[in-house]
Amino acid sequence: MARKHDTDPWFDDPTRQKEEDPHRQYVRIVATRTKWWRLIQIITLIFSIIAVAAATNTPTPTAPIQTVDLDADGKQAAWALTQTWLNSKPLGADTRIISWDGADTIQLANQGKPVTATAHRLTVSDGRHWWQVMETVKTDGTPIGYPAVTPIRVPAQNTPDANDDWTGVLKTVDQSDALTQAVSQWGKALVGSDADRLKVSVDDPDPASVYQPLMLAGQVQAVSIQKIMYADRGKVDRENDTSNRAYARIGITLSGGEQGNMNYGYDVLIADPDGTPHVIAWGAPGMAPSFHEYGNRWHGQPLDAGTQDGQATDATDSQPTPNVN
């Protein structure tokens, strides 16, 4: 006979969920906790790596730039006190203040009370020797002690170094007669007093432009090209390493000085060095790459040579260059 099953309706309810096996339940709980633990470990590791990278890439703070305080307390007082002190010739005759070179603020005490003072640095020279003089004054201009003097070493070597080249240059330019002549004409016009002659040598396309010569005394003995190189600007020929612009170091020698010849040095910017060259800008030696074309135009009223004697002329000229200003 077939065995009759229990007809209890609770056991026969199809919607009833059976209780999970305890062993499987334990395994599931352990696995869930392990998964979260691993996730926490991974997140912690990622944040640790980011923190280390940020610390490694943090730039080292740079030292603050030391600037000169042009409005330092007591500047005028320090200058006047130093000049009065120099009048007694403590450093010999003919000494004078050349420049004020900055100051340092210091904290002092007077009978237990704080006092602020400023130590000013001034350069003094008699034409042959140089000194740094430091004058310390309080905020009310009262000096603290007498000036302190420190000698300054000035190199005796005054022969220019011709080995330094400019940045942004190509190869050396072969000097032609046209190039030599153009530079010579510019140099003679620059030191003379004929403004029109200087403008013609520059060949400025602006008809209203004005150029101011130096109006120096003496005769031009020489205008020499000491160094000339193609500039990496303008129309550049990369194949031949040339350009229609060149930088040159120019020396000008005048006679008539109290101690013999007088020498002047310039950097110049030259247009069309291989064709019809002309100087289109000039300035201090070493500064040629910063020159702007026709950047020496004179703005304002031209200077008048007046009755100044002995204007600069060519050594080969029999008459002085006329003054057309």
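Start at the loop between α2 (75-87) and β1, and select Asp94 there. This is a predicted model. Show the backbone. Phi of Asp94 is near 65 degrees, a positive value in a residue other than glycine. Most residues other than glycine have a negative phi. Now switch on the surface. Is Asp94 buried or exposed? Asp94 is exposed, because its relative accessibility is 68% and the exposed class begins over 50%.

**A second positive phi**

Select Met215 next, in the loop between α4 (195-202) and β6. Met215 is not a glycine, yet its phi is positive, about 60 degrees. Check its cover. Met215 has 9% relative accessibility, so it counts as buried, the class for values under 20%.

**Helix α1 and its patch**

Move to helix α1, residues 22-57, and pick out Phe47. At a relative accessible area of 57%, Phe47 is exposed. Now add Ile42, Ile43, Ile46 and Ile50 to the selection. Together with Phe47 they make a nonpolar surface patch of about 500 Å².

**Salt bridges**

Turn to the charged side chains. Side chains of opposite charge can pair when their charged atoms come close. How many salt bridges does the count come to? The count comes to seven. Three of these stops follow.

Select Arg121 and Asp104. Their side chains meet in a salt bridge, 2.6 Å from N to O. Arg121 sits in strand β2 (residues 113-125) and Asp104 in strand β1 (residues 96-110). The pair links distant parts of the chain, with the two positions 17 residues apart in numbering. Asp104 has 38% relative accessibility and counts as partly exposed.

Go on to Asp232 and Arg238. This salt bridge spans 2.9 Å, N to O. Compare the cover on each partner. Asp232 is partly exposed at 34% relative accessibility. Arg238 is exposed at 57%.

Then select Arg245 and Glu293. The N to O distance in this salt bridge is 2.7 Å. Which parts of the chain does the pair link? Arg245 belongs to strand β9, and Glu293 to the loop between β11 (278-283) and β12 (313-314). The two residues are 48 residues apart. Colour by accessibility here. Arg245 is buried, with a relative accessible area of 15%. Glu293 is partly exposed, at 35% relative accessibility.

**Along the β11-β12 loop**

Stay in the loop between β11 and β12 and select Tyr294. Is Tyr294 buried or exposed? Tyr294 is buried, because its relative accessible area is 17%, and buried means under 20%. Add Asp204 and draw a distance between the C-alpha atoms. Tyr294 and Asp204 stand 6.8 Å apart in space, but 90 residues apart in sequence.

**Strand β9 and a glycine pair**

Return to strand β9 and select Gly256. Gly256 is exposed, with 70% relative accessible area. Now add Gly218. The C-alpha atoms of Gly256 and Gly218 are separated by 4.7 Å. Along the chain, the two glycines are 38 residues apart.

**The largest pocket**

Finish with empty space. Rolling a probe the size of a water molecule over the atoms shows where empty space is left. How much space lies in the largest pocket? The largest pocket holds about 260 Å³. To centre the view, select Pro160, Gln226, Ile250, Gly251 and Gly265. Of the 15 lining residues, these are the closest to the pocket centre.

Next, colour the strands that contribute. The elements giving two or more residues to the lining are β6 (219-231), β9 (245-257) and β10 (260-271). Which element gives the largest share? Strand β9 does, with five residues. This is also the strand of Arg245 and of Gly256.

Last, colour the lining by residue class. The lining divides into seven nonpolar, five polar and three charged residues.

Conventions:
Residues are numbered from 1 along each chain as its sequence is written. This is a predicted model: local features need pLDDT of at least 70, side-chain atom pairs count only at pLDDT 80 or more; totals for chains, interfaces and linings use all residues. Side-chain values use heavy atoms; hydrogens and water are left out. On a 1 Å grid over the protein atoms alone, a cavity is a set of points where a 1.4 Å probe fits but cannot get out, and a pocket is an open set with protein on both sides within 12 Å along at least five of seven lines; lining residues have an atom within 4 Å of a point. Grid points are joined across faces, edges and corners, and a volume is the space filled by probe spheres set on the points. Helices (H or I, at least four residues) and strands (E, at least two) are DSSP runs, numbered from the N terminus. Ala, Val, Leu, Ile, Met, Phe, Trp, Tyr, Cys and Pro count as nonpolar, Asp, Glu, Lys and Arg as charged, and the others, Gly among them, as polar. Patches are made of residues with over 30% relative accessible area and no salt bridge: like charges are joined within 9 Å, nonpolar side chains (Val, Leu, Ile, Met, Phe, Trp, Tyr) within 5 Å. Accessible areas come from the Shrake-Rupley method with a 1.4 Å probe; for residues, only the protein chains shown count as cover. A salt bridge is a side-chain nitrogen of Lys or Arg within 4 Å of a carboxyl oxygen of Asp or Glu. Buried means under 20% relative accessible area, exposed over 50%, partly exposed in between (1.4 Å probe, protein chains only).
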